Amino acid sequence: MSLNSTERFNTSKELKENLKISHLAIEDVAAALNTSVSKINQILELDYVAPEDPWILKEYLSEQLCQQGLTGYPYGRL
């Protein structure tokens, strides 16, 4: 899926909001996804990432929010 600049901005915002709501440290997310903090930051910014990376992060955050009984920020394009 290819996103235009507005969709990229909104998707980045949505991922960041859900990370914030989850109260998870970015280091913990990186460890759980077996990657680096730098890679998670790239995904959050949608900066040179593989097409599946935002989806993987979205699913992980959604799962964590669900386990915590929290409602996440809605996604527009993911």
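Which residues in α1 meet Ile43, Leu44 and Glu45 in α3? They are Arg8, Ser12, Leu15, Lys16 and Leu19. This is a predicted model, and the paragraphs below go through its helix pairs, its core and some residues outside the helices.

Two packed helices are described by the angle between their axes and the distance between the axes. For α1 and α3, the axes come within 7 Å and cross at roughly 130°. An angle of this kind falls among neither the roughly parallel, the roughly antiparallel nor the roughly perpendicular ones, and α1 and α3 are therefore oblique to each other.

The pair α1 and α4 is described in the same terms. Their axes come within 10 Å, with a crossing angle of roughly 30°. Angles under 35 degrees count as roughly parallel, so α1 and α4 are given that description. The crossing in which α1 passes α4 is left-handed. On the α1 side, the residues that meet α4 are Leu15, Asn18, Leu19, Ile21 and Ser22. On the α4 side, their partners are Pro54, Leu57, Lys58, Leu61 and Leu65.

The remaining pair to describe is α3 and α4. Here the axes come within 9 Å and cross at roughly 100°. That angle makes α3 roughly perpendicular to α4, because the range for this description is 65 to 115 degrees. In α3, Lys39, Ile43 and Leu44 take part, and they meet Asp53, Pro54 and Leu57 in α4.

Several of these residues return in the nonpolar core. The largest nonpolar core has 15 residues, and those touching the most other members are Leu15, Val29, Ile40, Leu44, Leu57 and Leu61. Two or more residues of this core come from each of α1 (5–22), α2 (26–32), α3 (37–45) and α4 (53–67). Leu57 can serve as an example. Apart from residues up to four places away in sequence, Leu57 touches Leu15, Val29, Leu33, Ile43 and Leu44.

Next to Leu57 in the chain comes Lys58, which also lies in helix α4. Is Lys58 buried or exposed? Its relative accessibility is 13%, so Lys58 counts as buried, the limit for that being under 20%. When neighbours within four places in sequence are left aside, Lys58 is in contact with Leu15, Tyr75 and Leu78. The side chain of Lys58 also has a polar contact of 3.1 Å with the side chain of Glu59.

One of the partners of Lys58, Leu78, belongs to the segment after α4. Leu78 has a relative accessible area of 15% and is therefore buried. Along the sequence, Leu78 and Thr11 are 67 residues apart, but in space their C-alpha atoms are 7.3 Å apart.

Tyr75, another partner of Lys58, leads back to α1 through Asn18. Asn18 lies in helix α1 and is buried, because its relative accessible area is 1%. What does the side chain of Asn18 make a polar contact with? The partner is the side chain of Tyr75, at 3.1 Å. Not counting residues up to four places away in sequence, Asn18 touches Leu61, Leu65, Gly72, Tyr73 and Tyr75. Leu70 is 52 residues from Asn18 along the chain, and the C-alpha atoms of the two are separated by 9.9 Å.

At the other end of the chain, Leu3 lies in the segment before α1. With a relative accessible area of 19%, Leu3 is buried. Beyond its neighbours within four places in sequence, Leu3 is in contact with Arg8, Thr11, Leu46 and Arg77. Leu3 and Arg77 are 74 residues apart in sequence, while their C-alpha atoms are 8.3 Å apart in space.

Leu46, one of the contacts of Leu3, is found in the loop between α3 and α4. Tyr48 is found in the loop between α3 and α4 as well. Phi of Leu46 is near 55°, a positive value in a residue other than glycine, and phi of Tyr48 is also near 55°. Which of the words "buried" and "exposed" applies to Leu46, and which to Tyr48? Leu46 is buried, because its relative accessible area is 5%. Tyr48 has a relative accessible area of 76% and is therefore exposed.

Definitions and conventions: Residues numbered from 1 in each chain as written. Predicted model: local features only at pLDDT ≥ 70, side-chain atom pairs only at ≥ 80, totals over all residues. Heavy atoms only, no water. Core = buried A, V, L, I, M, F, W, Y, C linked by side-chain atoms within 4.5 Å. Buried < 20%, exposed > 50% of the residue type's maximum accessible area, 1.4 Å probe, protein only. Helix = DSSP H or I, 4+ residues; strand = E, 2+ residues; numbered from the N terminus. Contact = heavy atoms within 4.5 Å. Polar contact = N/O pair within 3.5 Å; in protein donor to acceptor, adjacent residues only side chain to side chain. Axes fitted to C-alpha atoms, helices over the stretch in contact; angles between N-to-C directions. Parallel < 35°, antiparallel > 145°, perpendicular 65-115°, else oblique. Left-handed = near helix turned anticlockwise from the far one by under 90°.
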